[in-house]
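Here are my notes on the model you sent round. I've kept them as numbered points so you can reply to each in turn.

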2 protein chains.
Amino acid sequence: MNEQDFLASYDPRAYPAVAVTADVVALTIRDNALHLLLIRRAEPPYAGHWALPGGFVRPDEDLTTAARRELAEETGLGGDRLRRVHVEQLASYGAPERDPRMRIVSVAHLAFAPDLPDATAGTDADEADWVPVAELPGRELAFDHRRIVDDGLERARSKLEYTPLATRFLAPEFTIGELRAVYETVWGHPLHAGNFHRKVLSVPGFVESTGANTERGGSRGGPRARLYRAGDARLLHPALLRPAREETVR
Amino acid sequence: MNEQDFLASYDPRAYPAVAVTADVVALTIRDNALHLLLIRRAEPPYAGHWALPGGFVRPDEDLTTAARRELAEETGLGGDRLRRVHVEQLASYGAPERDPRMRIVSVAHLAFAPDLPDATAGTDADEADWVPVAELPGRELAFDHRRIVDDGLERARSKLEYTPLATRFLAPEFTIGELRAVYETVWGHPLHAGNFHRKVLSVPGFVESTGANTERGGSRGGPRARLYRAGDARLLHPALLRPAREETVR
DNA sequence: TCAATAGTGTCTTTCAGACAATATAAT
DNA sequence: ATTATATTGTCTGAAAGACACTATTGA
């Protein structure tokens with residue numbers, strides 16, 4: 001250990017400054033398609049590129065608090081609407097060269113939101129928009145945000161398997177069909193309606209009946225569906241596993 | 001947004017400095033008990049308290065690289081032995097008051113190690129030791145390290161379910177009985193030997209036979225067991241689920 | 001010989017998935 | 001009437017868990 005390292009082990013200021021940002025992979029479902037909140041950067045580096053919403057963590061803020069604040073700024077959301085958004089930590093990204101300006105460690109978060117109003121650009125962005133995830137392959141994202149988004153999407157797909165968080169994409173009351181649409185959209189697979197229905201009702205605490213029904217049947221006919229709200233389970237047991245994906249296993 | 005925040009959104013140096021550390025929840029199995037690597041702090045704050053090994057991330061280091069370095073310093077390990085240790089990111093902890101000196105964001109990592117030699121204290125510790133996890137409730141840990149350890153243990157238990165990482169607690173060649181002992185130790189439950197045996201062999205890519213047998217049977221008798229090494233699966237499918245834990249679900 | 005462990009066989013229950021059937025409501 | 005959707009029923013196969021059994025070896 002050289003002298004600089006020795007000093008630094010006692011005083012981090014002996015090292016060049018590190019900045020910590022909270023970035024958010026915010027997902028919602030619009031028009032039966034998974035959408036991701038992106039901003040268009042106004043300033044270099046990567047000016048004009050699309051990027052994840054985020055910003056520096058403030059001195060008095062917890063990491064998740066910072067993520068929620070950044071999300072609020074870009075969605076123009078507050079109060080009850082924001083409270084219904086699920087935010088959890090995803091992972092931290094800190095490769096030395098990930099930002100050309102200086103050492104920046106990004107604590108990425110993952111958010112599940114019910115269908116929200118259009119986004120509104122914050123201070124450091126020209127534009128903020130919900131972008132269909134299906135259109136992402138064509139867009140170049142700033143920094144290592146592509147990787148972060150990929151990790152977030154995989155985490156989201158996995159979370160639907162063993163937690164009841166799919167309900168966070170929906171209004172407080174929903175039908176089993178709407179819940180199934182969430183799974184189909186996030187997983188990108190059609191699911192068997194009958195089997196899904198029975199499965200959801202058989203998992204303890206996943207959903208609870210409100211006793212009410214929808215006012216109308218589907219737009220193209222069908223009976224009025226029963227309404228449910230999220231139950232008290234935090235984990236699904238047994239889980240709803242994705243259709244086999246032998247390929248991804250090795 | 002006030003002026004300070006506005007400036008800070010462009011220049012993080014307008015905020016008080018943040019330091020980033022890499023801490024490690026390193027687990028190993030000794031004498032059929034799960035052990036955690038802890039150091040005894042030499043300097044305030046929390047001088048004399050037990051804490052997780054860790055330290056400041058250096059300018060040229062990736063986060064996981066820093067965690068591996070810290071682990072190497074406290075275990076005196078290098079080369080091949082270190083390479084067989086599994087290290088993954090756990091989560092980041094950044095509550096504003098978690099360190100009384102200054103704002104410190106800790107990127108915690110989780111490590112699975114085969115039985116290693118005794119630990120050797122690094123520069124900022126009086127002592128480093130593998131401590132039985134069962135003895136933790138009696139010890140007060142520094143900072144929010146208790147919470148980090150709890151999160152790490154839960155992650156470890158969960159990882160054994162759907163990944164083949166249990167093999168990382170063992171030598172390159174092992175018996176099914178030794179593998180079962182890992183599961184029993186980490187999960188804290190006895191498992192049925194026969195069912196476990198059949199299950200492990202039925203999961204594609206979990207283990208592969210070496211063709212060889214152990215030299216001797218068990219110390220108290222029994223046949224010589226077949227030897228296996230880790231297979232090429234990165235995920236177990238189907239998973240080995242923990243015995244039902246209805247309690248933890250709500 | 002006795003006790004412990006490895007490995008296999010069998011049975012029951014649970015659960016996932018395929019498929020069918022019935023009922024209801026919008027057009 | 002036709003069509004789409006909700007909901008329930010039935011069957012099959014995979015897999016988990018309980019239990020029993022045999023074979024092998026150290027003490």
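1. Helices (H or I, at least four residues) and strands (E, at least two) are DSSP runs here, numbered from the N terminus. With that in place, N32(A) sits in the loop between β1 and β2 of chain A. Phi of N32(A) is near 60°, a positive value in a residue that isn't glycine. Most residues other than glycine have a negative phi, and most peptide bonds are trans.

2. Some ground rules. This is a predicted model, so to speak of local features I need pLDDT of at least 70, side-chain atom pairs count only at pLDDT 80 or more, and totals for chains, interfaces and linings use all residues. Residues are numbered from 1 along each chain as its sequence is written, chains are lettered from A and ligands numbered from 1 in the order in which they are written, and side-chain values use heavy atoms, with hydrogens and water left out.

3. Worth a look on the backbone: the peptide bond from P44(A) to P45(A) is cis, omega being near -5°. P45(A) belongs to the loop between β2 and β3 (50-51) of chain A. In chain B, P44(B) and P45(B) are also joined by a cis peptide bond, with omega about -5°, and P45(B) lies in the loop between β2 (33-41) and β3 (50-51) of that chain.

4. On to the domains. Chain A is assigned domain 1 (3-148) and domain 2 (161-249); such bounds come from an automatic or database domain assignment. Taken over C-alpha atoms, the centres of domain 1 of chain A and domain 2 of chain A are 29 Å apart.

5. How much area do domain 1 of chain A and domain 2 of chain A bury between them? About 950 Å², with 67% of it on carbon and sulfur atoms. Buried area means the accessible area (1.4 Å probe) that two parts lose on being put together, summed over both. On the domain 1 side of chain A, I29(A), R84(A) and F112(A) lose the most area to domain 2, together 50% of what that side buries.

6. Counting contacts (heavy atoms within 4.5 Å), 15 residues of domain 1 of chain A touch ten residues of domain 2 of chain A. The rule finds zero salt bridges across this interface, a salt bridge being a side-chain nitrogen of Lys or Arg within 4 Å of a carboxyl oxygen of Asp or Glu. It does find two residue pairs in polar contact, both at pLDDT 80 or more. On the domain 1 side, the elements of chain A giving two or more residues are β1 (18-30), β2 (33-41) and β5 (86-93), and β1(A) gives the most, with three.

7. A polar contact is a pair of N or O atoms within 3.5 Å; within protein, one must be able to donate a hydrogen and the other to accept it, and residues adjacent in sequence count only if both atoms are side-chain atoms.

8. Which residues are closest to DNA strand C? They are N195(A), K199(A), G222(A), P223(B) and R226(B), out of 25 that surround the strand; near means that a heavy atom of the residue lies within 4 Å. Of the strand C atoms within 4 Å of the protein, 67% belong to sugar or phosphate and the rest to bases. The side chain of R216(A) has an N or O atom 3.2 Å from a sugar or linking oxygen of strand C, while a backbone N or O atom of P223(A) is 3.1 Å from a base oxygen of strand C.

9. DNA strand D is also surrounded by 25 residues, the closest being H197(A), P223(A), N195(B), K199(B) and G222(B). Sugar and phosphate make up 68% of the strand D atoms that come within 4 Å of the protein. A polar side-chain atom of H197(A) is 3.5 Å from a phosphate oxygen of strand D. From chain B, a backbone N or O atom of G222(B) lies 2.8 Å from a base oxygen of strand D, and a polar backbone atom of A239(B) is 3.4 Å from a phosphate oxygen of strand D.

10. Last, the salt bridges: the structure holds 38 over all chains. One of them pairs E73(A) with R58(A), at 3.8 Å, N to O. E73(A) is in helix α2 (residues 63-75) and R58(A) in the loop between β4 (54-56) and α2 of chain A, 15 residues apart.
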